[in-house]
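Student: Could you pick one part of this model and walk me through it slowly? I'd like to know what it looks like up close and how the rest fits around it.

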Amino acid sequence: SAEVYADPGLLEVVWTNLLSNAVKFTPEGGTVTLHQRTEPGRVLVSVEDTGCGMTPEKLEEVQREVAGDLGQISEGGFGLPNIQKRIQLAYGADYGIHVSSRLGCGTRVTLQIPAKS
């Protein structure tokens with residue numbers, strides 16, 4: 001277990017997005033797995049699925065959107081780019097979301113937030 005500094009409302013949006021996407025893109029019989037690890041100063045939580053995964057082009061597009069301009073947050077937006085921007089504005093550029101995926105093998109989205117010291 002780990003303690004974090006986090007906005008409960010923001011984390012609710014994060015978990016809703018990550019878990020609903022994992023379930024949405026995982027076929028019947030597949031799995032959605034949560035992983036958590038603590039490192040000095042940060043906690044990493046991953047949601048991994050055995051769904052359809054993304055093509056390299058789609059993954060690159062998602063990673064580019066997630067790394068986009070912090071000034072472009074859509075009011076009420078719940079997608080990964082908005083979540084990333086909200087996390088970075090709240091906790092700094094060292095925190096946020098990382099996405100990895102392989103077509104036909106699934107996707108892993110890792111959230112990195114500050115650990116409570």
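Tutor: Sure, here is a close look at one helix, followed by its surroundings.

A bit of bookkeeping: this is a predicted model, where local features need pLDDT of at least 70, side-chain atom pairs count only at pLDDT 80 or more, and totals for chains, interfaces and linings use all residues. Residues are numbered from 1 along each chain as its sequence is written, and side-chain values use heavy atoms, leaving out hydrogens and water. The mean pLDDT (the predictor's confidence in each residue, from 0 to 100) is 86 for the protein, with 91% of residues at 70 or more. Confidence is highest in strand 1, at 95, and lowest in helix 3, at a mean of 82.

Our part is helix 1, residues 8-24. (Helices are DSSP runs of H or I with at least four residues, strands are runs of E with at least two, and both are numbered from the N terminus.) Its 17 residues should span 24 Å at 1.5 Å a residue, and the end C-alpha atoms are indeed 24 Å apart. (The expected span is 1.5 Å times one less than the number of residues.) Right at the start of helix 1, look for Asp7: one of its side-chain oxygens comes within 2.8 Å of the backbone nitrogen of Gly9.

Now turn helix 1 around its axis. Leu10, Leu11, Val13, Val14, Asn17, Leu18 and Ala22 are its buried residues. (Buried means under 20% relative accessible area, exposed over 50%, and partly exposed in between, with a 1.4 Å probe and protein chains only.) They sit on the same side of helix 1 because they cover an arc of only 160° around the axis. (That arc is taken from the directions from the helix axis to the C-beta atoms.) The face turned away from this buried side has the exposed residues Pro8, Glu12, Val23 and Lys24. Asn17 belongs to the buried set because its relative accessibility is 10%.

What lies over that buried side? Strand 1 (32-39), strand 2 (42-49), helix 3 (80-91) and strand 4 (106-114) are among the elements covering it. Seen from helix 3, the packing runs the other way too: the buried residues of helix 3 pack against helix 1, helix 2, strand 3 and strand 4. Those buried residues are Leu80, Asn82, Ile83, Gln84, Lys85, Ile87, Gln88 and Tyr91. Helix 3 has twelve residues and reaches 16 Å between its end C-alpha atoms, close to the 16 Å expected. Just after helix 3, Gly92 takes a positive phi of about 110°.

These pieces come together in a nonpolar core (buried Ala, Val, Leu, Ile, Met, Phe, Trp, Tyr and Cys residues joined through side-chain atoms within 4.5 Å). The largest one has 21 residues, of which Val14, Leu80, Ile87, Ile97, Val99 and Leu111 touch the most other members. Helix 1, helix 2 (56-66), helix 3, strand 3 (96-102) and strand 4 each supply at least two residues of this core. Helix 1 gives the largest share, six residues. In soluble globular proteins, nonpolar side chains tend to be buried together.

Try Leu111 as a viewpoint: its contacts (heavy atoms within 4.5 Å) include Leu11, Val14 and Trp15, along with Ile87 and Ile97, not counting residues up to four places away in sequence.

Helix 2 has a similar story to read off. Leu59, Val62 and Val66 are buried there, and they lie on the same side of helix 2 because their arc is only 65°. On its other side, Pro56, Glu57 and Arg64 are exposed. Helix 3 and strand 3 are among the elements covering the buried residues of helix 2.

One last stop, with polar atoms. Thr107, in strand 4, is buried with a relative accessible area of 12%. Its side chain makes a polar contact with the side chain of Ser101 at 2.8 Å. (A polar contact is a pair of N or O atoms within 3.5 Å; within protein, one must be able to donate a hydrogen and the other to accept it, and residues adjacent in sequence count only if both atoms are side-chain atoms.) Ser101 sits in strand 3 and counts as buried at 14% relative accessibility. The side chain of Ser101 also has a polar atom 2.8 Å from the backbone nitrogen of Met54, and it reaches the backbone oxygen of Gly106 at 3.0 Å.
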